[in-house]
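I am opening a notebook on a structure that is new to me, and I will write down what I look up as I go. The entries follow the order in which I turned to each topic.

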Amino acid sequence: MESVTVVSGLTVFVLALFAGAELISKVPQTLHTPLMSGSNAISGIAILGALIAAGHSGSADSVSIIGLLAVVFATINVIGGYMVTQRMLQMFKKKKSKVQR
Amino acid sequence: MISPNVINLVYLLSVVFFMLGIKKLSSPATARFGNKISMAGMGAAMAATMASPDISSFKFIILGFLFGGAVGAVSAAKVAMTSMPEMVALFNGCGGAASALVALAEYQATAGTFSSFAFVTLLLSIIIGSLTFTGSLIAFGKLQGIVSGRPIVFPGQQVINGLLLAATLVLAVVLFNNQADTTLFYGVLALSLVLGVLAVIPIGGADMPVIVSLLNSYSGVAVSMTGFALKNNALIIVGSLVGASGLFLTKIMCVAMNRSLANVLFGAFGAVAETGGEQEGPGGSIRGYEVEDVATVLENAESLIIVPGYGMAAAQAQHITKELADHLADEGVEVRYAIHSVAGRMPGHMNVLLAEADVPYDQLFAMEEINEDFAKTDAVLVIGANDVVNPAAKTNPQSPIYGMPVLDVEEAGTVIVLKRSMNVGFAGIENELFYRDNTMMLFGDAKHSLQALLAAFKE
């Protein structure tokens, strides 16, 4: 996973902050709760590091065990987060056009 | 096995998908699709990682997936919408724990070989991830009522917190020069866990929306730090996105309450009453009305704005509110909802509850959009909201909530307030709104009152 030097890593970090700020400012108040749970779900991306740790060897050494725990927590975060976001978004409906009396 | 370049390209794709997902969140019409795009991005990143040459065994991975997946799915499927804030806090804590654990694993695997920059970010990841974890647990407890909603303060608390923070940083610096000292490393971890608890305990339950947003941001920062330590672009970028998102929401909350973040974190709100001095009670009297009188006012109104607050959530009254609103709409009343940014226990909490009750989202308005319309509205129905409709925020410089933007409900023809009792709201102050001539109080549980109103309409 050696894909980045310090400077390029920092560059990417800063650019992502700006992009993030822009995107997020367009989310209306009505959707702030799904935004919270949705952004929480993607923070589960730490699962990638957890997978490497848990899968680094077949033996139950300290790295594998810690990795296993990390996978558990990260999976709860990802699965739980996306499902809860989906549940909320499903409820937002526009007014169905009714026959005016 | 695929090459690292392919993996990184897939990561790039995933990041694009995550950003598209957030972009689609700009409207309820496209938001559902956005969530699916985001899920696809996560899936792709995970698949690419699992095809990495760094992985030699899947047994622990599968075990972790099964257990974590079960817990995540079951809790997500069963949680009630009114408990959504605490659930998000809990999941967020899991994310913090995951980042810290990944950093720990990395440390165990390769201690002593980190570059200075990588080690600093590793330490930051452990510290921030750990305190996010325990802080979120406390936030969960406060929102659930397991931990007291009152600020938990004790003498010398600020000093102790300060010392603990200093100790953590000192240990971290020592550790920096002795990378392989595992005891020190676990020491930093333990101290961070404690810090998380101590930082959140003194904050009142009603400030939890700010705290949950802030912790959300922290978990993003922790992920970024892990990304720097592991040299993984996907983690760095996603961490930034989440960090920015959480900070943005936190800022909105603070502006909406007209309190600085520092005040929220360290203010222990009760202390404000000491400096405010004796407050004059508002002159005048509070009138409790009968259901029939209130029903008459509502039926004769041509326009109505409903202002929901935490009381509506607590009484689970969102469905009956919609029924009442529908009845009035059928009678020709124009019904809209005014949602203050800090109503409820989470940003957008009221919106989610009303959406659950099938209220179309185009009837929901933010404070800025609707505040001028109160003067042109016949009736306002305040359901379990208190501080957000207190005119003292505009008129009384002695009031602890002075300066906080509030809904101008008193400008309307008649204001009906549904309230359980005369107990004061979180701010611990009287609400001048209740004493005004054009205010009608209807005491009782919100759900019961609304049901009684509906019954009165049908007679």
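Before listing any neighbours, I settle what touching is to mean: two residues are in contact when they have heavy atoms within 4.5 Å of each other. I also note at the outset that this is a predicted model.

**Entry: a glutamate and its neighbours**

I looked up B:Glu410 and found it in the loop between helix 17 (392-395) and strand 5 (414-419) of chain B. Leaving aside residues up to four places away in sequence, I see that B:Glu410 touches B:Pro391, B:Lys394, B:Val415, B:Leu433, B:Arg436 and B:Asn438. Is B:Glu410 buried or exposed? With a relative accessible area of 9%, B:Glu410 is buried, because the limit for that word is under 20%.

One of those neighbours, B:Lys394, forms a salt bridge with B:Glu410, and the closest N and O atoms are 2.5 Å apart. Since B:Lys394 lies in helix 17 and B:Glu410 in the loop that follows, before strand 5, the pair ties together parts of chain B that are 16 residues apart in sequence. B:Lys394, at 36% relative accessible area, is partly exposed.

**Entry: other salt bridges**

I then asked how many salt bridges there are over all chains. The count comes to eight. In one of them the side chains of B:Asp207 and B:Arg259 meet, at 3.0 Å from N to O. This pair links distant parts of the chain, 52 residues apart, with B:Asp207 in the loop between helix 7 (182-200) and helix 8, and B:Arg259 in the loop between helix 9 (233-257) and helix 10 (261-266) of chain B. I find both B:Asp207 and B:Arg259 buried.

Another salt bridge joins the side chains of B:Arg336 and B:Glu334, at 3.8 Å from N to O. Here B:Arg336 counts as buried at 15% relative accessibility, whereas B:Glu334 counts as partly exposed at 40%. I note as well that B:Glu334, B:Arg336, B:Asp373 and B:Lys376 are linked in a network of salt bridges.

**Entry: where the two chains meet**

Turning to the interface, I find 105 residues of chain B in contact with 84 residues of chain A. The area buried between the two chains is about 8500 Å², and carbon and sulfur atoms give 73% of it. On the side of chain B, B:Leu25, B:Phe60 and B:Lys231 lose the most area to chain A, together 8% of what that side buries. I count zero salt bridges between chain B and chain A, but 19 residue pairs in polar contact, both residues being at pLDDT 80 or more. The residues of chain B that touch chain A divide into 63 nonpolar, 31 polar and eleven charged.

A contact across the chains turns up at B:Ser224, which lies in helix 8 (residues 208-230) of chain B and is buried, with a relative accessible area of 0%. Among the residues that B:Ser224 touches, I list A:Phe13, B:Leu235 and B:Gly239.

**Entry: chain A**

Chain A has four helices and zero strands. Of its 101 residues, 58% are buried. I looked more closely at helix 3 (residues 47-54), where eight of the eight residues are buried, including A:Ile47, A:Leu51 and A:Ala54.

**Entry: cysteines**

My last search, for disulfides over all chains, finds zero. I also looked up two cysteines, and both B:Cys94 and B:Cys254 are buried at 9% relative accessibility.

Key. Residues are numbered from 1 along each chain as its sequence is written. Chains are lettered from A and ligands numbered from 1 in the order in which they are written. This is a predicted model: local features need pLDDT of at least 70, side-chain atom pairs count only at pLDDT 80 or more; totals for chains, interfaces and linings use all residues. Side-chain values use heavy atoms; hydrogens and water are left out. Buried area is the accessible area (1.4 Å probe) that two parts lose on being put together, summed over both. A salt bridge is a side-chain nitrogen of Lys or Arg within 4 Å of a carboxyl oxygen of Asp or Glu. A polar contact is a pair of N or O atoms within 3.5 Å; within protein, one must be able to donate a hydrogen and the other to accept it, and residues adjacent in sequence count only if both atoms are side-chain atoms. Ala, Val, Leu, Ile, Met, Phe, Trp, Tyr, Cys and Pro count as nonpolar, Asp, Glu, Lys and Arg as charged, and the others, Gly among them, as polar. A disulfide is a pair of cysteine sulfur atoms within 2.5 Å. Buried means under 20% relative accessible area, exposed over 50%, partly exposed in between (1.4 Å probe, protein chains only). Helices (H or I, at least four residues) and strands (E, at least two) are DSSP runs, numbered from the N terminus.
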